[in-house]
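Colleague: I am new to this one and would love a close look at a single part, with its surroundings. Could you walk me through it slowly, and explain your terms as you go?

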Amino acid sequence: MWRTGNEAGAAGRAGAATTSPPLTRRRSSRVVFAGALTLLLGFTAAGSASAAAAERTDMPDMSGMAMSGTPNDSYWNSVGGEPFHPTGKVRTYYIGADEVVWNYAPDGRNDITDQPFDSITKMYIDSGSGRIGTSYLKCLYRGYTDEGFAALAPRPAQDAYLGFLGPVIHAEVGDTIKVVFRNGCRFPASVHPHGVFYTKANEGTPYADNTSGEEKMDDAVATGGIRTYTWLVPDRAGPGPHDGSSVMWMYHSHTNEVFDTNAGLIGPMLITARGMARPDGSPKDVDRELVTLFSITNENESPYLQENLKRFAKPASSQQNDQRLAGINEPHGVNGYIFGNEPMITMRKGQHVRWYVMSMGSETDLHTPHWHGNDVVVGGMRMDTVGVLPGTMAVADMVPDNVGIWLYHCHVNDHILAGMITRYRVVSDTTALDGSATTMPVPVGGVPAGEGGVAGSRSSFPVVPAVAVVAMALVSRSMIARRRRALLPGR
Ligand SMILES: [Cu+2]
């Protein structure tokens with residue numbers, strides 16, 4: 001079941017509609033149970049509620065939203081969540097938006113086939129007139145160690161696969177998140193969160209909302225400016241009734257939402273249930289958290305388009321000659337990598353693995369991430385493919401039992417062709433993960449400053465080209481021919 005920032009309820013209902021008999025039964029038994037519980041614990045609960053009231057901050061009193069005396073109380077209480085009980089913990093993240101050159105295919109070859117790019121894949125990666133190729137000037141969120149913004153926060157080698165995503169923000173229900181944001185982009189930008197509780201002064205979005213003064217200062221941080229965003233993490237930002245111990249939200253710039261996110265300003269935020277978090281905020285019952293963004297980055301709608309055409313198109317041009325054609329300057333990436341160029345995602349057999357999956361973009365960004373080799377559970381249901389739409393997030397839990405290197409790819413045919421394919425590797429429970437799993441260098445803060453993106457060596461483990469062949473065979477010859485006609489000039 002996928003989750004949306006603004007429409008979690010609607011998505012929940014959509015999910016329920018597909019499985020209505022079992023959910024109805026479950027709901028009925030919940031109602032009976034809740035009724036009994038209400039009778040037994042009514043007085044105790046009333047006592048806790050008044051104690052809780054003393055702890056409240058400026059959060060709205062959500063407890064008042066629950067109607068008393070109806071058997072649906074527990075359901076609506078779970079929708080609204082408990083009032084905000086602060087843990088007292090403030091988690092501060094220093095995030096800079098920095099201009100960097102990002103290479104979507106730093107290995108310069110197709111790592112899925114273990115071959116050089118062929119004539120079809122070249123249509124997506126070659127530079128040319130109006131075609132920028134695989135390297136682009138972008139503006140990305142990067143983690144820093146403190147408010148001096150002098151030192152990038154290190155990103156562990158096993159998280160190199162995160163690519164161009166911003167730092168992973170972790171928090172536990174009851175925590176307060178502070179993001180100290182420095183804007184190093186040449187355009188105004190912000191940090192807008194999904195899911196958590198924010199006031200008008202911490203939303204990061206300009207629109208006619210009857211605010212002024214301080215409540216407008218968060219909407220757009222000027223180039224070189226610094227702004228601190230403060231977000232609370234109430235119950236309703238944490239796991240719902242059918243979630244596991246943690247949920248995913250995203251954060252992204254929303255000053256000019258389309259251009260900002262195409263520039264690369266997006267990152268993940270993971271919220272763990274109260275009492276379930278390790279000191280770093282990650283869920284205690286999960287061994288490996290993995291975050292993947294499936295997105296067609298529309299570099300034709302990036303604020304750096306003209307600059308990129310001048311710097312990287314060959315010959316340099318200020319024209320977007322054929323940019324209207326499908327796939328041109330539109331890398332179909334996973335975390336900003338195409339054709340398997342992502343550093344290997346690694347895990348150990350038998351681990352509790354939680355995949356957080358999200359999509360961003362336009363109407364072509366309907367993605368169906370599919371795991372080879374192992375299955376997942378999403379919203380209580382067994383799957384090996386999960387659907388995500390632009391701006392939505394999904395959580396998929398896996399206990400891998402199948403050792404090997406496996407494809408992890410979007411199952412949309414056009415997206416397979418364009419390289420929205422990566423791999424993950426399951427090692428035996430006795431194999432060391434670090435070092436053997438990937439030889440990628442540690443990209444400090446996710447992206448090295450300056451030119452080139454992450455230039456990594458490829459995995460030394462055998463690849464099965466047949467898998468890619470089968471994937472290609474999914475697409476008919478006529479479809480390939482049609483695309484070729486569309487892409488090649490003069491045909
Ligand atoms: Cu897709």
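Modeller: Happily; I will start with the whole protein, settle on one strand, and then follow its neighbours outwards.

This is a predicted model, in which local features need a pLDDT of at least 70 and side-chain atom pairs count only at pLDDT 80 or more, while totals for chains, interfaces and linings use all residues. Residues are numbered from 1 along each chain as its sequence is written, and side-chain values use heavy atoms, with hydrogens and water left out.

The protein has nine helices and 19 strands; these are DSSP runs (H or I, at least four residues, for helices; E, at least two, for strands), numbered from the N terminus. Of its 491 residues, 50% are buried, where buried means under 20% relative accessible area, exposed means over 50%, and partly exposed lies in between (1.4 Å probe, protein chains only). Contact means heavy atoms within 4.5 Å. Among contacts between residues at least 6 apart in sequence, 77% join residues at least 24 apart.

Now to our part, strand 9, which covers residues 266–272. Seven of its seven residues are buried, so strand 9 is largely enclosed by the rest of the structure. You can see this on both faces: Ile266, Pro268, Leu270 and Thr272 are buried on one side, and Gly267, Met269 and Ile271 are buried on the other.

What pairs with strand 9? Two strands pair if DSSP finds at least two bridges between them. Strand 4 (residues 169–172) pairs with strand 9 in the parallel sense, over four bridges. Strand 8 pairs with strand 9 in the antiparallel sense, over seven bridges. Met269 is a handy landmark here: Ile169 stands opposite Met269, and Trp249 also stands opposite Met269.

Let us follow Trp249 for a moment. This residue lies in strand 8 (residues 246–252) and counts as buried, at 3% relative accessibility. The side chain of Trp249 reaches the backbone oxygen of Ala237 at 2.8 Å. Along the chain, Trp249 and Gly391 are 142 residues apart, yet their C-alpha atoms are separated by 9.6 Å.

Strand 8 also contains Ser246, by its residue range, and the side chain of Ser246 makes a polar contact with the side chain of Arg354, at 2.7 Å. A polar contact is a pair of N or O atoms within 3.5 Å; within protein, one must be able to donate a hydrogen and the other to accept it, and residues adjacent in sequence count only if both atoms are side-chain atoms. Arg354 is found in strand 13 (residues 353–360) and is buried, with a relative accessible area of 3%. Not counting residues up to four places away in sequence, Arg354 touches residues including Ser245, Ser246, Asp285, Glu289 and Asp397.

Back at strand 9, Ile271 leads us into the protein's interior. In soluble globular proteins, nonpolar side chains tend to be buried together. A nonpolar core is a set of buried Ala, Val, Leu, Ile, Met, Phe, Trp, Tyr and Cys residues joined through side-chain atoms within 4.5 Å. The largest one here has 90 residues, and those with the most contacts inside it are Ile177, Val179, Ile271, Trp355 and Trp371.

Ile177 ties several of these pieces together. Leaving aside neighbours within four places in sequence, Ile177 is in contact with residues including Ile169, Met269 and Ile271. Ile177 falls within strand 5 (residues 176–183), where six of the eight residues are buried, so strand 5 is largely enclosed by the rest of the structure.

Strand 5 has pairing partners too. Strand 2 (residues 90–103) and strand 5 pair in the parallel sense over eight bridges, with Ile95 standing opposite Phe181. Strand 7 (residues 226–232) runs antiparallel to strand 5, joined by seven bridges, and the bridge partner of Lys178 in strand 7 is Thr230.

So, if you rotate the model, begin at Met269 in strand 9, which faces Trp249, and then move to Ile177, which contacts Met269 and Ile271.
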